[in-house]
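Trainee: I would like to practise reading a protein model. Could you take me through this one?

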Amino acid sequence: MRVGAEVLAENDFERLAGQRVGLIANHTTRVDTAHLADRLAAAPNVELGAIFAPEHGFRGTAGAGEAIEGGRDARTGTPVYSLYDDTRRPTPDELEGLDALVFDVQDVGARFYTYITTMGRAMQSAAAADLPFVVLDRPNPLGGVYTDGFVLEPAHASFVGRYPIPVAHGLTIGELARYIQDEQLLPDLDALDLSVVRMQHWSRDMQWPDTGRQWRPPSPNLPTWETALLYPGMCFFEGVRVSEGRGTTRPFLQIGAPWPPAAAMRVVDTLRARDLEGVAVDTVAFTPRAMPEAAPAPRFEGERLYGFELQVTDRHAVDPVKVGIHALHAMYHRARARGDTAFVSRPNHLTRLAGTDRLLTDLRGGVSPDSLIASWAAAVGTFRERRRASLLY
């Protein structure tokens with residue numbers, strides 16, 4: 001299969017011919033083995049006027065939440081502007097003299113992954129500057145069928161969840177741009193000249209391994225595709241007092257807390273009894289360490305933690321959000337049984353991730369995980385119908 005950037009390059013950048021373009025890019029912005037910025041800078045019919053870098057930076061090495069500085073790209077000499085600063089969008093001054101804004105960043109298919117919020121804000125900036133916005137499409141690593149999780153309620157919109165879509169939305173980045181405009185999810189996009197360079201030979205039933213492409217971590221703590229697969233459910237653990245595996249080689253695949261091993265075994269027994277499809281659950285012990293390119297200051301750094309780890313046994317059967325809800329429920333109630341009243345250490349962040357206060361309310365209210373999961377079914381069904389007009393594949 002060929003991603004949008006490769007299709008564009010194979011046609012000698014004809015769609016951008018004669019234009020001075022701004023490129024929203026990071027280390028995943030590749031054309032075969034080359035960076036798209038290098039290819040554009042060398043193209044005789046296009047001028048690369050500016051590079052805009054999202055969270056984790058142009059080279060993708062900054063940690064989660066770490067401020068991104070601007071500067072100049074050493075290879076092409078092009079100015080680099082941060083999209084993860086105080087404004088978090090291209091400014092009019094930065095867009096001055098450009099003829100188009102091009103977006104080419106690999107997404108992971110989870111609502112709270114910040115690249116898609118960055119894209120929406122950049123679309124607004126392009127619309128305000130009367131610039132065409134071109135999305136170079138890339139696969140949703142989870143495929144284009146799987147959609148699950150709470151649909152975000154507008155009152156809980158934030159940078160880690162801007163759109164009223166499920167946690168796992170099942171859209172490619174180009175389809176999501178179309179959906180944002182079609183559904184008027186952001187103001188002032190009616191007149192935006194939006195286009196998508198489609199992929200070739202990609203279909204909705206293809207998960208990342210089916211593409212045959214090398215996994216290039218889109219951010220430091222998604223080092224493998226298996227991590228990205230479980231991330232939509234396991235990211236909820238950022239809101240509670242555990243280590244989500246940052247500071248290890250298996251972030252989001254193992255969860256640990258400063259509990260005794262027996263408490264961890266009780267959680268594993270609970271999860272095994274629920275017979276979660278597509279994953280195996282086992283006990284784990286680990287000690288988070290500072291890893292400069294992944295977790296400079298991980299939670300519980302240097303402490304021995306005990307918890308559980310997940311191994312994907314059937315990637316087609318696993319339901320990542322369902323697994324995450326069951327795991328969070330099991331850990332929460334084990335913490336309560338141990339008298340830990342501060343387990344939900346970041347309630348506002350947990351609510352932002354969920355996109356609703358129902359997750360926290362229902363956890364505290366003793367609602368079963370199956371009831372939690374059933375609660376979003378109708379909203380997800382409505383979303384699946386509404387997204388049809390925006391699909392490209």
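Mentor: We will look at a sheet, the helices on it, and one further helix. This is a predicted model, where local features need pLDDT of at least 70, side-chain atom pairs count only at pLDDT 80 or more, and totals for chains, interfaces and linings use all residues. Residues are numbered from 1 along each chain as its sequence is written, and side-chain values use heavy atoms, with hydrogens and water left out.

Trainee: Which strands are the edge strands of the open sheet?

Mentor: Helices (H or I, at least four residues) and strands (E, at least two) are DSSP runs numbered from the N terminus, and two strands pair if DSSP finds at least two bridges between them. Seven strands form the open sheet, in the order β5-β6-β4-β1-β7-β8-β9, with mixed pairing. The edge strands each pair on one side only: they are β5 (71-72) and β9 (194-197).

Trainee: In which sense do β1 and β4 pair?

Mentor: Strands of a sheet pair through backbone hydrogen bonds, either parallel or antiparallel. Arg 20 has Glu 47 in β4 as its bridge partner. Over six bridges, β1 (residues 19-25) and β4 (residues 46-53) pair in a sense that is parallel.

Trainee: What angle does helix α5 make with β9?

Mentor: Angles run from 0 to 180 degrees between N-to-C directions, and axes are lines fitted to C-alpha atoms, for helices over the stretch in contact. Helix α5 (residues 173-182) lies across β7, β8 and β9, and its angle to β9 is about 165°.

Trainee: How many residues of α5 are buried?

Mentor: Buried means under 20% relative accessible area, exposed over 50%, and partly exposed in between (1.4 Å probe, protein chains only). Contact means heavy atoms within 4.5 Å, and the cover over the buried residues of α5 includes β7, α4, β8, β9 and α13 (377-386). Among those buried residues are Leu 176, Tyr 179 and Ile 180. Helix α5 is largely enclosed by the rest of the structure, because its buried residues number eight of the ten.

Trainee: Within what arc do the buried residues of α8 fall?

Mentor: In α8, the buried residues are Ala 263, Ala 264, Val 267, Val 268 and Leu 271. The arc is that of the directions from the helix axis to the C-beta atoms. Seen down the axis of α8, the buried residues line one face, because they fall within an arc of 145°.

Trainee: Which exposed residues does the face turned away carry?

Mentor: The buried side of α8 is covered by elements including β11 (279-286), β12 (305-312) and α9 (320-337). On the face turned away from that buried side, the exposed residues are Ala 262 and Ala 273.
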